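Student: I have a protein chain open on my screen. Could you walk me through the structure?

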Amino acid sequence: LKDFRAQKNQLSGDSHHDKEKVMKLNDAIAKYTPYVAEAKHTLNRVRTLYMCAATIPSILHFQPGLVAYQLTRIESAIFLAIPPQALLSHAPKTPHPRVVASSDFFNYVTRMIEHSVLLPQEASVRAQHINQWIKVASKCQDLNNYQTLKGIISALWTPPVQRLKRPWAYIPKKSLSRLESMTELMSEANNYGRYREHMGIVSTSVLNGKSVQLI
């Protein structure tokens with residue numbers, strides 16, 4: 001295309017130029033210009049993708065619902081791979097690998113969240129990460145993924161994250177209220193009493209010396 005344009009410029013400077021040759025050059029330029037423009041556009045897209053791939057993505061690059069959905073799919077696959085008898089045979093001395101895999105992923109999620117919050121140096125950016133994980137936790141609850149929900153809450157309440165006074169000061173009150181509600185739901189008090197009540201799980205209580213089933 002550059003050669004065609006150079007030839008056209010040379011002919012244009014000649015008063016006795018060949019009009020038919022100029023027309024052919026114009027046709028060639030018109031033909032190849034869209035191809036060159038498309039190639040440049042493709043190269044720019046490739047360059048952008050390459051630069052994005054060269055940087056470390058953060059939780060802020062993704063929608064909370066998408067993160068919660070992907071984590072839920074992983075949790076579901078791990079859970080479905082656990083045979084029923086493994087839940088009965090699993091013990092510290094005889095750990096079942098499928099149950100261990102579930103525990104390992106729970107710990108991985110917790111450490112990953114801590115890392116994502118502690119990695120940035122600016123308090124405002126740390127606050128954005130904390131708030132984003134609160135949103136992800138809320139989406140996990142909507143998807144009935146209480147395993148990941150518990151992992152996110154556990155990570156946000158770890159001492160290294162809780163000591164970040166300035167970032168927590170940036171968190172909106174609505175998000176803090178939501179976090180408190182989810183924390184209360186997943187509290188271990190009374191053998192996960194609130195969670196059992198929320199799920200409608202039958203539990204046993206003693207009332208006036210009699211065993212009573214509560215649903």
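Student: Is Ile82 buried or exposed?
Tutor: Buried means under 20% relative accessible area, exposed means over 50%, and partly exposed is in between, using a 1.4 Å probe and protein chains only. Ile82 has 14% relative accessibility. Ile82 therefore counts as buried.

Student: What kind of model is this, and how are residues numbered?
Tutor: The model is predicted; local features need pLDDT of at least 70, side-chain atom pairs count only at pLDDT 80 or more, and totals for chains, interfaces and linings use all residues. Side-chain values use heavy atoms, leaving out hydrogens and water, and residues are numbered from 1 along each chain as its sequence is written.

Student: Where does Ile82 lie?
Tutor: Take the elements on either side: H3 and helix H4 (84–89). Helices are DSSP runs of H or I with at least four residues, strands are runs of E with at least two, and both are numbered from the N terminus. Ile82 lies in the loop between H3 and H4.

Student: Which residues does Ile82 contact, leaving aside neighbours within four places in sequence?
Tutor: Contact means heavy atoms within 4.5 Å. The C-alpha atoms of Ile82 and Val100 are separated by 9.8 Å, with their positions 18 residues apart along the chain. With the neighbours within four places left aside, the contacts of Ile82 are Leu87, Arg98, Val99 and Ser102.

Student: How many helices and strands does the protein chain have?
Tutor: Read along the sequence, the pattern is α-α-α-α-α-α-α-α-α-α-α-β-β. The total comes to eleven helices and two strands.

Student: At what angle do H3 and H5 pack?
Tutor: Two packed helices are described by the angle between their axes and the distance between the axes. Axes are lines fitted to C-alpha atoms, for helices over the stretch in contact, and angles run from 0 to 180 degrees between N-to-C directions. Helix H3 covers residues 64–80 and helix H5 covers residues 97–118; their axes are 9 Å apart. The angle is about 160°.

Student: Why is H3 described as roughly antiparallel to H5?
Tutor: Angles over 145 degrees count as roughly antiparallel, under 35 as roughly parallel, 65 to 115 as roughly perpendicular, and the rest as oblique. H3 and H5 pack at about 160°. That makes H3 roughly antiparallel to H5.

Student: Which residues of H5 meet H3?
Tutor: From H3 come Leu71, Ile74, Glu75 and Ile78. By class, the contact of H3 with H5 has five nonpolar, one polar and one charged residues. Ala, Val, Leu, Ile, Met, Phe, Trp, Tyr, Cys and Pro count as nonpolar, Asp, Glu, Lys and Arg as charged, and the others, Gly among them, as polar. The H5 residues are Ala101, Ser102 and Phe105.

Student: How many residues of H7 are buried?
Tutor: H7 is mostly covered. Its buried residues include Tyr146, Leu149, Ile153 and Leu156. The count is nine of eleven.

Student: Which residues of H10 make the contact with H7?
Tutor: Helix H7 (residues 146–156) and helix H10 (residues 173–185) pack at an angle of about 115°, their axes 10 Å apart. On the H7 side are Tyr146, Leu149, Ile153 and Leu156. The contact of H7 with H10 divides into seven nonpolar, one polar and no charged residues. The H10 residues are Leu179, Met182, Thr183 and Leu185.

Student: Which residues does Trp168 contact, leaving aside neighbours within four places in sequence?
Tutor: Trp168 lies in helix H9 (residues 165–170). Trp168 is buried, with a relative accessible area of 13%. The C-alpha atoms of Trp168 and Ile130, 38 residues apart along the chain, are 8.0 Å from each other. Without those sequence neighbours, Trp168 contacts Ile130, Leu156, Val161, Gln162, Leu176 and Leu179.

Student: Which residues does Ser138 touch, not counting residues up to four places away in sequence?
Tutor: Ser138 is in helix H6 (residues 123–142). Ser138 counts as buried, at 16% relative accessibility. Not counting those up to four places away, Ser138 touches Arg178 and Met182.

Student: Is Asn144 buried or exposed?
Tutor: Asn144 is found in the loop between H6 and H7. Phi of Asn144 is near 60°, a positive value in a residue other than glycine. With a relative accessible area of 54%, Asn144 is exposed.
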